[in-house]
Amino acid sequence: MKTAIKPLIVAVVATMAAPAFAASNTLIGWAMLPAATFADGPTSGQFTGANPYGTNLPPYADMQPVQGFSGVLAGPEKGTFLVMTDNGFGAQANSADTLLRVYAIQPEFKTASGGNGTFSAVNFTLGSALSNFSNPSRITLNDANHKLDMTIQADLDNYYNDPAKPAIDPGIKFGRLLTGADLDIESMRRDKNCKLWFGDEFGPYLIKTDASGTILRSEISLPGVYAPQHKDVVAGKAVANLGGSGGFEGMAINKRGDKLYTLLEKTVAGDAAKTLRINEFDIDNEAYTGVSFVYPLDANGTAIGDMTAIDNSRFLVIERNGNTATTTGAPFKKIFMADIKGVANGGTVQKSELVDLMNLADPDDLNGDGKTTFTFPYVTIENVLILDAHTLLVINDNNFPYGGGRELASDNTEFLKIRLAKPIPGLDHHDHGHDEETFSRCEASENHRGHH
């Protein structure tokens with residue numbers, strides 16, 4: 001979810017007592033991508049408002065922000081990652097000039113033994129270092145084959161079909177590139193057939209593409225669930241029963257790679273308060289199976305940020321509230337382990353806390369704030385990846401150009417490598433996650449990947 005943060009009174013958060021590091025979840029790697037990081041592309045930010053802090057003011061001439069990461073997968077080489085940008089500037093009405101992209105990136109984590117905490121772009125296919133976020137570093141979602149059953153910005157002459165607005169960029173029209181006014185992608189997975197699946201919030205829809213980001217079929221709706229931007233709601237054929245920006249914030253794929261599990265961010269009208277739906281989707285049949293589960297939010301949680309699979313029945317889920325280091329109220333940012341094993345269709349998943357992101361041991365003060373307890377107070381934390389049984393990667397969505405997570409300025413993007421106090425049960429210490437294994441297999445079988 002993209003959220004424009006308004007400036008609020010800075011709250012003084014009491015410093016927690018230093019934990020016993022050996023028994024704590026510990027920050028062992030940290031890297032920071034500056035908010036003002038851009039790639040080439042059409043001018044962006046023409047329809048969004050300036051952030052309240054007066055920094056990084058739009059528009060961005062001939063540039064696209066490399067920001068708003070809402071999905072992460074293992075990259076082409078060890079230590080590289082694929083990060084997905086979401087719809088752009090927070091709303092359908094301000095993101096028509098923002099492209100939906102997936103970038104390949106490599107952090108040089110700052111650790112106890114060295115590293116400078118910086119980043120490099122890498123080749124999307126090869127993983128080799130690049131000097132900037134140029135064409136070889138990414139894919140751009142596109143509907144070049146006219147598969148989507150909806151009008152997109154590339155079909156129009158002017159943004160939002162409004163003659164008073166600028167003409168659609170020729171590159172968007174020529175490549176039928178998808179923008180943040182077309183879809184709000186918030187999750188990304190790779191299946192056993194090396195195809196990519198994206199979870200959208202506007203429908204909510206499931207979107208299937210090939211490895212280059214080209215749409216392979218029409219959008220897939222979740223039966224009986226309609227967000228305000230769903231095509232049937234817009235056409236007057238259905239009534240919205242899901243709040244805006246309440247769609248597939250989380251989506252996991254099981255270890256077999258044949259089932260997706262979609263997790264809504266908001267509660268469907270008529271469901272119990274503070275409960276979210278998990279729905280099972282069959283990859284082979286490209287259809288929902290009718291199996292669903294109930295995910296109960298923590299008493300302090302207001303939304304989820306991401307979901308990833310541990311195996312065929314267990315998942316990690318990020319929960320949060322809207323508080324940050326610059327608002328009143330305590331930030332709540334935690335990772336839970338959820339299990340559907342033995343849970344009947346329609347039943348409530350079992351869950352337990354794994355990580356408190358507001359209380360990580362940081363004995364080496366990796367982020368340089370002078371403290372040995374690390375906190376991650378961003379309003380949106382939307383990426384978690386299992387690196388091995390002991391280690392997680394966690395990344396925030398920085399909601400560029402907005403901010404207020406740590407200070408009254410545009411938020412940076414931080415990559416955390418977290419050492420768990422106890423390993424994830426059932427995972428071997430050297431298990432680097434099934435996503436990484438799938439990527440290696442897919443890369444070995446592909447001779448070419450197109451880029452936009």
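**Strand β15 and the nonpolar cores**

Trainee: In this predicted model, over how many bridges do β15 and strand β16 pair?

Mentor: Strand β16 covers residues 275–282, and β15 pairs with strand β16 in the antiparallel sense. Within this pairing, T262 has N279 in β16 as its bridge partner. The number of bridges over which β15 and β16 pair is five.

Trainee: Which residue in β15 stands opposite I253?

Mentor: Strand β14, residues 250–253, runs antiparallel to β15 and is joined to β15 by four bridges. The two strands form a hairpin with five residues between them, and G257 in the turn has a positive phi of about 80 degrees. Opposite I253, in β15, stands L260.

Trainee: Are the two faces of β15 covered or uncovered?

Mentor: In a regular strand the side chains alternate between the two faces of the sheet, so each face has to be considered separately. On one side of β15 lie K259, Y261 and L263, and on the other lie L260 and T262, and all of these are buried. This agrees with the count for the strand, residues 259–263, in which five of five residues are buried. Both faces of β15 are therefore, with buried meaning under 20% relative accessible area, covered.

Trainee: How many residues does the largest nonpolar core have?

Mentor: Those with the most contacts inside this core are V102, L178, L183 and F198. Among the elements that give two or more residues to this core are β6 (101–108) and β11 (196–200). Leaving aside its neighbours within four places in sequence, F198 is in contact with residues including V102, I185 and M251. The largest nonpolar core has a residue count of 32.

Methods
Residues numbered from 1 in each chain as written. Predicted model: local features only at pLDDT ≥ 70, side-chain atom pairs only at ≥ 80, totals over all residues. Heavy atoms only, no water. Buried < 20%, exposed > 50% of the residue type's maximum accessible area, 1.4 Å probe, protein only. Pairing = 2+ DSSP bridges. Core = buried A, V, L, I, M, F, W, Y, C linked by side-chain atoms within 4.5 Å. Contact = heavy atoms within 4.5 Å.
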